[in-house]
Amino acid sequence: WRKAIGSQRHMKVIWNIGFRGQGDCPFWDNDPQYDTPESRGKLMSELIMLQYNMVKQYIPEAICCTNLYGETMELYNDGYLELPNDIIKIWADNGYGKMVTRRQNNHNPRIPSLPVREKENRHGVYYHVSFYDLQAANHITMLPNSLEFIRQELNELISHEVKDFWIINCSNVKPHVYLLDYIASAWKNGDIEVEEHREQYIGEYYGQQNVKLISQCFEDYPRYALPFGKHEDEHAGEQFSNHVMRILISQFMRNKHERTEDLLWATQAESLKEQIEWYKELCQNAYLGYEEYLKKSEEVAIKLFESERRLFEDSLLLQVKIHYFCFLGANKMCESLLAAYQGEFKKAFYYAGLAKEDYQKADRAMRDCEHGKWNRFYENECLTDVKQTAWVITGLMSYIRNLEDGPHYYQWQREFLYSEEDRKVMLIMNMENHLTDEEIFELMKEKWEF
């Protein structure tokens, strides 16, 4: 820390002081001796003061800040955290644009994250247009909450004198330019009308020819977002159709007789089967909505000039496709798991294969938008990781096939490859190579559909 101060003392630096554990978690996860709020707050206060004094020793005029985030916010709110008076306190939204503390695993206290008793001090905000929580956030698609909602939260920040320092988490910039542009305008100009900004942005970004057409598509985006909870900010990004699906699949293969504890933040369903049924209903509503939205957006794309159309296809239309194919795949995947519960393993295998194809279509849609300077842009899409969802389903298909066709793996092959007459003739040994899961699935698609 002292070396870092020495090497940067002549630069324009805002010094961030604080203390978290490895892996973006509370430090007491790694050191359980700190088992009370008092002990945790005391250590954190001492370490922050140590960092602060070291900076001030070398740079008396230094500007320091600290993040009131997650567990830090709780300690501060309850009076266990002491901070120097002249630092900028960085308040944070919950990852979904709401100024309350974030949900961590199944813990979701939603403590208001705004200064109340100390407006005279300096305050900043750490605000997300993109978030990563392995639950329901957005990374490769825009924040699913409306700009009207964001405007409300930003105005609330300003009314609480949170205007010294704004840090905006934007992940990859490319999918989030629209929201970033709005927040930048609010920072520079104060309150700004949503519709006025939208038309101005679209005119600058896509051109002036079809502002009204494209503007309507952007206005519709939050209207089709899936609500997964009771609060106004609880709308699902694309992580909901990927991470939750992988959680359910993993638990089914691990122990289908117990619910997964990883979803208690979202549902109190008593069994894994009930969790799947809860999730299926949500995904079905979501994909039907996005199907309608996709058709509307594609109709708009056809009416655009070539330069506009390519940019529209690479931005908003791509995000609608990601949502549609992922939720469609999630719905089919739930159908697969529920069929497996009924012992209908061929149906379960078949629907899993269809779901896998939908997730692959979402991944393909991203890769199809890689051209020019964006070549290979989505190759390392590994936070939501749509392609991983397809890979996890591949493992499930082998698991399901084993339940009925293992250990010798010839019955399904006979059923889908041989004629009805030949199926009745049983030889002492197999005379053909065993078909892979993918080959069996392709035969299923040729033979029948449920």
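Buried means under 20% relative accessible area, and that cut-off serves the first close-up and several that follow. The model shown here is predicted.

**Figure 1. Ile90 sits buried in strand 3 of this predicted model.** Here we zoom in on Ile90, which belongs to strand 3, residues 88–92. Its relative accessible area is 0%, so Ile90 counts as buried. Cys65 is 25 residues away from Ile90 in sequence, yet their C-alpha atoms are 6.7 Å apart in space. With neighbours within four places in sequence set aside, the contacts of Ile90 include Cys65, Thr66, Asn67 and Leu68. Gly124, Val125 and Tyr126 are also in contact with Ile90, as are Phe165 and Ile167.

**Figure 2. A cis peptide bond joins Gly406 and Pro407.** Take a look at the backbone here: omega is about 5° for the bond between Gly406 and Pro407. Pro407 belongs to the loop that runs between helix 12 (386–405) and helix 13 (411–417).

**Figure 3. Leu134 and Ser171 have positive phi angles although neither is a glycine.** For Leu134, phi is about 55°. This residue, Leu134, is in the loop between strand 4 (123–128) and helix 4 (147–159). Leu134 has 43% relative accessibility and therefore counts as partly exposed. Ser171 has a phi of about 50°, and its place is the loop between strand 5 (165–169) and helix 5 (177–189). Because its relative accessibility is 31%, Ser171 also counts as partly exposed.

**Figure 4. Two aromatic pairs tie together parts that are apart in sequence.** The whole structure holds 32 aromatic pairs, and two of them are picked out for this view. In one, the ring centres of Tyr178 and Tyr201 are 5.1 Å apart and the planes meet at 45°, so the pair is tilted. Since Tyr178 belongs to helix 5 and Tyr201 to helix 6 (residues 194–205), this pair ties together parts that are 23 residues apart in sequence. Both Tyr178 and Tyr201 are buried. In the other, Tyr206 and Phe312 have ring centres 6.5 Å apart and planes at 65°, so the pair is edge-to-face. Tyr206 is in the loop between helix 6 and helix 7 (211–220), while Phe312 is in helix 10 (residues 306–341), so the pair ties together parts that are 106 residues apart in sequence. Tyr206 counts as buried because its relative accessibility is 6%, and Phe312 is buried with a relative accessible area of 0%.

**Figure 5. Seven residues named here form one aromatic cluster, and Lys174 sits over two rings elsewhere in the view list.** The members of the cluster are Tyr96, Phe131, Phe228, Phe240, Trp265, Trp278 and Tyr279. Turning to Lys174, its charged end sits over the ring of Trp374, 4.7 Å from the ring centre. The charged end of Lys174 also sits over the ring of Phe377, at 6.0 Å from that centre.

**Figure 6. Tyr279 is among the best-connected members of the largest nonpolar core.** In soluble globular proteins, nonpolar side chains tend to be buried together. The largest nonpolar core of this model has 141 residues, and those touching the most other members are Phe240, Met245, Tyr279 and Phe312. Helix 10 gives the most to this core, contributing 18 residues. Which residues does Tyr279 touch, not counting those up to four places away in sequence? They are Phe240, Ser241, Asn242, Val244, Met245, Leu248, Ala330 and Cys334.

**Figure 7. Helix 7 has buried residues covered by other helices.** Val211, Ile214, Ser215, Cys217, Phe218 and Asp220 are the residues to find here, and they are buried. An α-helix has 3.6 residues a turn, so residues three or four places apart point the same way. The cover over the buried residues of helix 7 includes helix 5, helix 6, helix 9 (272–303) and helix 10.

**Figure 8. The largest pocket has a lining of 33 residues.** About 790 Å³ of space lies within this pocket. Nearest its centre are Asp24, Arg102, Arg103, Gln104 and Asn105. Helix 2 (37–58), helix 3 (71–77) and strand 4 each supply at least two residues of the lining. Helix 3 provides the largest share, with 3 residues.

Conventions. Residues are numbered from 1 along each chain as its sequence is written. This is a predicted model: local features need pLDDT of at least 70, side-chain atom pairs count only at pLDDT 80 or more; totals for chains, interfaces and linings use all residues. Side-chain values use heavy atoms; hydrogens and water are left out. Helices (H or I, at least four residues) and strands (E, at least two) are DSSP runs, numbered from the N terminus. Buried means under 20% relative accessible area, exposed over 50%, partly exposed in between (1.4 Å probe, protein chains only). Rings of Phe, Tyr and Trp (its six-membered ring) pair if their centres lie within 6.5 Å; planes under 30 degrees apart count as stacked, over 60 as edge-to-face and the rest as tilted. A charge sits over a ring if NZ of Lys or CZ of Arg is within 6 Å of the ring centre and within 35 degrees of the ring normal. A nonpolar core is a set of buried Ala, Val, Leu, Ile, Met, Phe, Trp, Tyr and Cys residues joined through side-chain atoms within 4.5 Å. Contact means heavy atoms within 4.5 Å. On a 1 Å grid over the protein atoms alone, a cavity is a set of points where a 1.4 Å probe fits but cannot get out, and a pocket is an open set with protein on both sides within 12 Å along at least five of seven lines; lining residues have an atom within 4 Å of a point. Grid points are joined across faces, edges and corners, and a volume is the space filled by probe spheres set on the points.
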